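Welcome, and thank you for taking a look at this one with me. Here is a short set of notes to read with the structure open beside you.

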Amino acid sequence: MTWLAWRQFRAAAAAVAVCLAILAAVLAATGPGMAGDYASGAAACTVASAMCMGVLDTFLNDYKDVLLAVSAAVLALPVLVGLFWGAPLVSRELEGGTHRLVWAQSVTRTRWLAVKLAVVGGAAMAAGAVGGLAVSWWAGPIDEVATGDLARIGPLQFAARGIVPVGYAAFAVLLGVAAGMLLRRTVPAMVLTLGVFAAVQVAMPLLVRPHLVPPVRATVEITRGSLESLGAPAGGSPIRVSTRAPDPSAWLLSSQTVDPAGRAVGAIPLSLKSGPCRSRGDVTPCLAEIKRLGYRQHMVYQPATHYWPMQAIETGVHLGLAAGLAVFCLRRVRRLT
Amino acid sequence: MTALLRTEGLGKRYGRRWALSDCTLDVPAGHVVGLVGPNGAGKTTLLNMAAGQTAPSAGTIRVLGGVPGAGPAQLARVGYVAQQAPTYAGLTVADHLRLGARLNPRWDASLARDRVTRLGLDPRRRAGRLSGGQRAQLALTLGIAKRPELLILDEPVSSLDPLARREFLQALMEAAAEQELSVLLSSHLLSDLERTCDYLIVLADAHVRLAGEVEHLLATHHRLTGPRRDPATLPSGQHVVSASHTDRQTTLVVRTEDPVHDPSWTVASLSLEDLVLAYMARPTSTPSTGGAGDPGGMGRGGGSGGAGGRAGGAGHPLDTLRAAAPDSTGTSGTSGTMNAGGATGGRPVLKVLR
């Protein structure tokens, strides 16, 4: 049975393998150069810290586009395997009537499907592992310096790194198989797979991932070091501030200014046109005034140290979903006609 | 000896429609069983259930004593060539043989190879590029080389031209004889099955109309022709399958285990085709014994003779029977007998349409 599963699968497997090979080639071509740039930038930082920020900003700018392209490729990988490996796996047999041929052999259909799921699901997980880990290796220097959106725990990068692509790929393939068994036709099954998978991919960072590990909550003084912006959108008063998380490569979930009683306020009743905040260029008196009035910043964030626990849990969630779909498929195949 | 196929109250429902209902059969092993019926009669449904491809909605089914599709052992005992002989278009002939070898414990590799060579199939050719007849032969090869005890074929020759049809059936019968396997095959054309089957099941409108050994069926059915009379006056051992009347004459198809002694009847034997058509044309609601269908083409509006017959028979008890007959079911033109009594001066002409 393994032979047949592989024989039917090998062309589709080869296509995705080619995509992975192209990705690997891009990574191999750019990786060493990037590591070199990073090393020289790091050297500049030890010599003169004034040069440091500029060099690292240039470094990040140079590789930002490649990073986003590579991440997009790894994000697309589970979609590819879900649509082109998962959805046709059973529906194509049903469309062509070949299920009648293969179910008439001396192999129960439960075993037939179990072997197919193992071969294709295993290959999908392997592809996800290769993609995720290769990009993680390649992006190592970027992760050292990236902050905000580009941080590896941030929503843009998290899904393309580490081990989560393994979970996504397994889930996408099983989703495709289940859709194919429900709809019995390949193209509608692909559409359904794409829709559900995209919905899950959007829902994860918005609704689920922030809570996988309890985030850190901190109320901190607004200082020059943490200040990201200070401004007054409506004619100089009141002023609004935003800050960076204490850990620059953290994933900031929320940030609000709170008054001395701890209540969230949208803005601080100070003006940019008069008082301590009037002076342009130097924000020190303004921050001192804010501190005197007792305003602080309340932040909820996932620190960089939560990266691997969150990776493990999110991978586990998707593998669990995939296992549930596998059970569904194996039960349903007995009742297919 | 275990029955080849035993069903009790077997039914299959798709949505609200019963594709097969209340099917009770007991077919002894060692037969070549033909399953015949018009398109949509439920043949494929019955065969799919016998091959373990579809689970019944009602009743029970046993094939060679086992529940179809229950496990690898049962699957190994039953071969199945589904409708349109599906094969993997992207796989070569050799791949298909390898598939058979990998998935069947009793696979006969040399038999498969010999058959493919004899058929002139190129092992490197993809199944998608074979002709319909070659694909059917490849599917049959898979079915035979699996070495089943029972081989089920669903409309195996429907896509073949007449010559390929004959060759295919011949090959099937040779294999059946060599391997002593039972065969269950369906067709909507009786002519395909007539020469090959020794057991016949007739399905129509999701119901079994007739089942039995061909020889026995032929021996117990007769066509009686004689002066017009009410079929209800027949002896109790004679069951009317179909009746047709002119104003002077009655033609009946009856089933009886005993010889017909009544001298007023001219007794003739029936061809298998006439027999099958007589049963297929019976309305579903009619009980299987003693009912009076009218497959003889004497439906209303059946020409001037028919009109005369009706006028002459006004008030005759047969009119009630005639009224109960199916209202021109569309079978009259193709049925076995055509009565044009009035048109030929009252002398009935019995014509068998082939």
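The numbered points below go through the two chains, their contact and a few single residues.

1. A word before we start: this is a predicted model. Please read each point below with that in mind.

2. Let us begin where the chains meet. Chain A brings 17 residues to the contact and chain B brings 23 residues. On the chain A side, helix 1 (2–47) and helix 3 (98–103) each supply at least two residues. Helix 3 of chain A gives the most to this side, with 4 residues. By character, the chain A residues that touch chain B divide into 7 nonpolar, 7 polar and 3 charged.

3. Next, look at helix 10 of chain A, which covers residues 307–332 and has 26 residues. From its first C-alpha to its last it reaches 37 Å, close to the 38 Å expected at 1.5 Å a residue. Its buried residues include A:Tyr307, A:Glu314, A:His318, A:Leu325 and A:Cys329. The buried residues of helix 10 pack against three other helices of chain A: helix 4 (109–138), helix 7 (164–183) and helix 8 (186–208).

4. Helix 4 of chain A is also home to A:Gly132. Is A:Gly132 buried or exposed? A:Gly132 has 25 other C-beta atoms within 10 Å, and with 20 or more a residue counts as buried, so A:Gly132 is buried. Among the residues that A:Gly132 touches, leaving aside those up to four places away in sequence, are A:Val74 and a run of neighbours including A:Ala160, A:Arg161, A:Gly162 and A:Ile163. A:Leu27 is 105 residues from A:Gly132 in sequence, and the two C-alpha atoms are 12 Å apart in space.

5. Now for chain B as a whole. Chain B has 11 helices and 13 strands. Of its 354 residues, 47% count as buried. Taking the contacts in chain B between residues at least 6 apart in sequence, 71% join residues at least 24 apart.

6. One sheet of chain B is built from 3 strands in the order 2-1-4; the sheet is open and its pairing is antiparallel. Why is one side of strand 2 (17–28) and of strand 4 (58–63) left without a neighbour in the sheet? These two strands of chain B stand at the edges and each has a single partner strand, so one side of each stays free of a neighbour there. Neighbouring strands of this sheet are turned by 20 degrees against each other on average, direction ignored. Strand 1 (residues 3–14) and strand 4 of chain B are joined by 5 bridges and run antiparallel. If you would like a pair to find by eye, B:Arg6 has B:Arg62 in strand 4 as its bridge partner.

7. Another open sheet of chain B has 6 strands, in the order 5-6-7-3-8-9, with mixed pairing. Its edge strands are strand 5 (78–81) and strand 9 (207–213), each pairing on one side only. On average, neighbouring strands here are turned by 15 degrees against each other, direction ignored. Strand 6 (residues 150–153) and strand 7 of chain B pair in the parallel sense over 4 bridges. One pair to pick out is B:Leu153 with its bridge partner B:Leu185 in strand 7.

8. Helix 6 of chain B (residues 162–179) deserves a look down its axis. Its 18 residues should span 26 Å at 1.5 Å a residue, and its end C-alpha atoms are indeed 26 Å apart. B:Arg165, B:Phe168, B:Leu169 and B:Leu172 are buried. Seen down the axis, the buried residues of helix 6 fall within an arc of 95 degrees, so they line one face of the helix. The face turned away carries the exposed residues B:Leu163, B:Gln170, B:Glu174, B:Ala177 and B:Glu178. The buried residues pack against helix 5 (132–145), strand 7 (182–187) and helix 7 (190–194) of chain B. Just after helix 6, B:Glu180 takes a positive phi of about 55 degrees.

9. Last, find B:His222 in strand 10 (residues 221–227) of chain B. B:His222 counts as buried, with 22 C-beta neighbours inside 10 Å. Not counting residues up to four places away in sequence, B:His222 touches B:Val254, B:Val260, B:Val267, B:Ala268, B:Ser269 and B:Leu270. B:Val240 is 18 residues from B:His222 in sequence and 9.8 Å from it in space, C-alpha to C-alpha.

How values were computed. Residues are numbered from 1 along each chain as its sequence is written. Chains are lettered from A and ligands numbered from 1 in the order in which they are written. This is a predicted model: local features need pLDDT of at least 70, side-chain atom pairs count only at pLDDT 80 or more; totals for chains, interfaces and linings use all residues. The expected span of a helix is 1.5 Å times one less than its number of residues. A residue is buried if 20 or more other C-beta atoms lie within 10 Å of its own, exposed if 12 or fewer, and partly exposed in between; C-beta atoms are placed from the backbone. Two residues are in contact if their C-beta atoms, placed from the backbone, lie within 7 Å. Ala, Val, Leu, Ile, Met, Phe, Trp, Tyr, Cys and Pro count as nonpolar, Asp, Glu, Lys and Arg as charged, and the others, Gly among them, as polar. Two strands pair if DSSP finds at least two bridges between them. Axes are lines fitted to C-alpha atoms, for helices over the stretch in contact, and angles run from 0 to 180 degrees between N-to-C directions. The arc is that of the directions from the helix axis to the C-beta atoms.
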